[in-house]
Amino acid sequence: MGCMRMNFEFSELQEDIRHGVREICARYDVEYWRKCDEKNEYPEEFVNAMIEAGWLSALIPEEYGGAGLGLSEAAIILEEVNRSGGAGTACHAQMYTMGAVLRHGSEEQKQKYLPQIANGTLRLQSMGVTEPDAGSDTTKIKTFAEKKGDHYIINGQKIFTSRYQHSDMILLLARTTPLEKVDKKTKGISLFLIDTRDIGDAIVANPIDTMVHHETNMLFINDLKVPASALVGEEGNGLYCILDGLNAERILASAQAVGDGKWFVEQAVRYSKERVVFDRPIGQNQGVQFPISKAYANLMAAETMMHKAAAKFDQGLPCGAEANMAKYLCSEAAWEAGEAAMTTFGGYAVAKEYHIERKWKESRLARNAPISNNLVLSYVGQHVLGMPRSF
Ligand SMILES: Cc1cc2nc3c(=O)[nH]c(=O)nc-3n(C[C@H](O)[C@H](O)[C@H](O)COP(=O)(O)OP(=O)(O)OC[C@H]3O[C@@H](n4cnc5c(N)ncnc54)[C@H](O)[C@@H]3O)c2cc1C
């Protein structure tokens, strides 16, 4: 049996990436993010700066004009965004949605879209999977794409489709064979890459007002006509085409959670040294120290799992177990760190100018989305530990 090679040092390139992203983030401080949150405004300038610097095309191979980096580097990029007090959710999809096109798209699709995504003239920030009735059971989606000659007509509804208004294209999952006509429920679903710039009202997007500023929508799709060339991969195999991308999404969501967790710990440590009550800094009390230390320890363990998942992804190894476990551990550790910061800041934790409440709400979301932690645990129980299927 071969031994596992482990290297806990970041490479020089990875350190350079970290510093490069930090420099951009320093221009968009917590006040910038607070204002975006308060006004429900998309962080357009920040996203533009990230695109211009090439960070959002990190995963696009060099032959298509991207940086040709791995998921390990992409994770560092998003971790730094959240660690600075920002929110990578504003733009993270630009990184992983194109993965399905890269791995399963035709050469024509890759040539047509990837260089434009890489140079920032085209935005692919939106992915429509979730539906109101199907929820976590994606095989029950009802959005249907009917083939008619050289095109498809798509009808249906999507919910929680994020950044639709800030994207030129959407990666959309639809049934092409009804559930009752397939031998396996994961079959008969197809993936489409759709240019939404010129479709009129074939897709109507209604924004959903949410706890955190997230630019998410309910989509109504009415007789949307798309060319057959919009199909990504084979018809009927769309769920499989999107699956690798979902592992990437889970790993990147983990990276953002690690960034949130580190931000909380840094804030809590700083404040615990500065705030003096009962004639001593509150951080001198172990009742204040221990929750922060515990959260930090859990966060460091979670970060290790996240990098293991990313390294396996980059090596082309199966990483479903690690990606799911990373998503669980990182989101829980970030939440624990957020709770520690909430307690450390006392009453000031809820005052918006301290930014804790905003980040606390943002980091809570990671336990529910992009996949809820219950579903992650059921993946571990069923696929990793081999326990009986519960659904
Ligand atoms: C802000 C935000 C942005 C999002 N952006 C996108 C996006 O861009 N594109 C997209 O496609 N989707 C997006 N989503 C959707 C997200 O992926 C789903 O909300 C999430 O997967 C959960 O689905 P649901 O809300 O329908 O929950 P449900 O499936 O209704 O589940 C509700 C609860 O029940 C639990 N549950 C259900 N069945 C079981 C079971 N068998 N065992 C144990 N527990 C169970 C779940 O874990 C969950 O806690 C977004 C969601 C949010 C909140």
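Let's start with helix α10, where Ile356, Arg358, Lys359, Trp360, Glu362, Ser363 and Leu365 are buried. Keep in mind, please, that we are looking at a predicted model. That list makes seven of the 10 residues of α10 buried, so the helix is largely enclosed by the rest of the structure. What do those buried residues pack against? Their partners are α2, α7 and α9.

Now step back to the residue His355, which sits in the loop between α9 (320-344) and α10. Its phi is near 70°, a positive value in a residue that is not glycine. Is His355 buried or exposed? It counts as buried, because it has 21 C-beta neighbours inside 10 Å, and the cut-off for buried is 20 or more.

There is another residue of this kind to show you. Asn40 also has a positive phi without being a glycine, here near 55°. You'll find Asn40 in the loop between α2 and α3 (44-52). This time the count is 12 C-beta neighbours inside 10 Å, so Asn40 is classed as exposed; the limit for that class is 12 or fewer.

While we are on the backbone, follow the chain past α10. In the loop that joins α10 (356-365) to α11 you meet Pro370. The peptide bond leading into Pro370 from Ala369 is cis, and its omega is near 5°.

On to helix packing. Two packed helices are described by the angle between their axes and the distance between the axes. For helix α4 (residues 71-83) against helix α7 (residues 238-274), the angle is about 35° and the axes lie 7 Å apart. The crossing of α4 and α7 is right-handed. If you want to pick out the contact on screen, the α4 side includes Leu71, Ala74, Ala75 and Leu78, and among the α7 residues they meet as a group are Ala248, Ile251, Leu252 and Ala255. Charged residues take part as well, including Glu79, Glu80 and Arg83 in α4 and Asp260 and Lys262 in α7. Taken together, the contact of α4 with α7 has 11 nonpolar, three polar and five charged residues.

Let's zoom out to the domains. The protein chain divides into domain 1 (12-118), domain 2 (124-236) and domain 3 (240-384). Between the centres of domain 1 and domain 2, taken over C-alpha atoms, there are 23 Å. How many residues of domain 1 are in contact with domain 2? There are 16, and they touch 15 residues of domain 2. On the domain 1 side, the elements giving two or more residues are α2 (30-39), α5 (93-104) and α6 (107-118). The largest share, seven residues, comes from α5. By class, that side of domain 1 has eight nonpolar, seven polar and one charged residues.

Last stop, the ligand. It is surrounded by 23 residues, and the closest are Val129, Gly135, Ser136, Ser372 and Asn374. Which elements give two or more residues to this shell? They are β1 (124-128), β3 (151-162) and α11 (373-384). Domain 2 and domain 3 each supply at least three residues to the shell. And here's one for the chemists among us: the shell has nine nonpolar residues, 14 polar ones and no charged ones.

That's my tour, and I'm happy to go back to any part of it.

Key: Residues numbered from 1 in each chain as written. Predicted model: local features only at pLDDT ≥ 70, side-chain atom pairs only at ≥ 80, totals over all residues. Near = placed C-beta within 6 Å. Helix = DSSP H or I, 4+ residues; strand = E, 2+ residues; numbered from the N terminus. Domains from an automatic or database assignment. Contact = placed C-beta atoms within 7 Å. Axes fitted to C-alpha atoms, helices over the stretch in contact; angles between N-to-C directions. Left-handed = near helix turned anticlockwise from the far one by under 90°.
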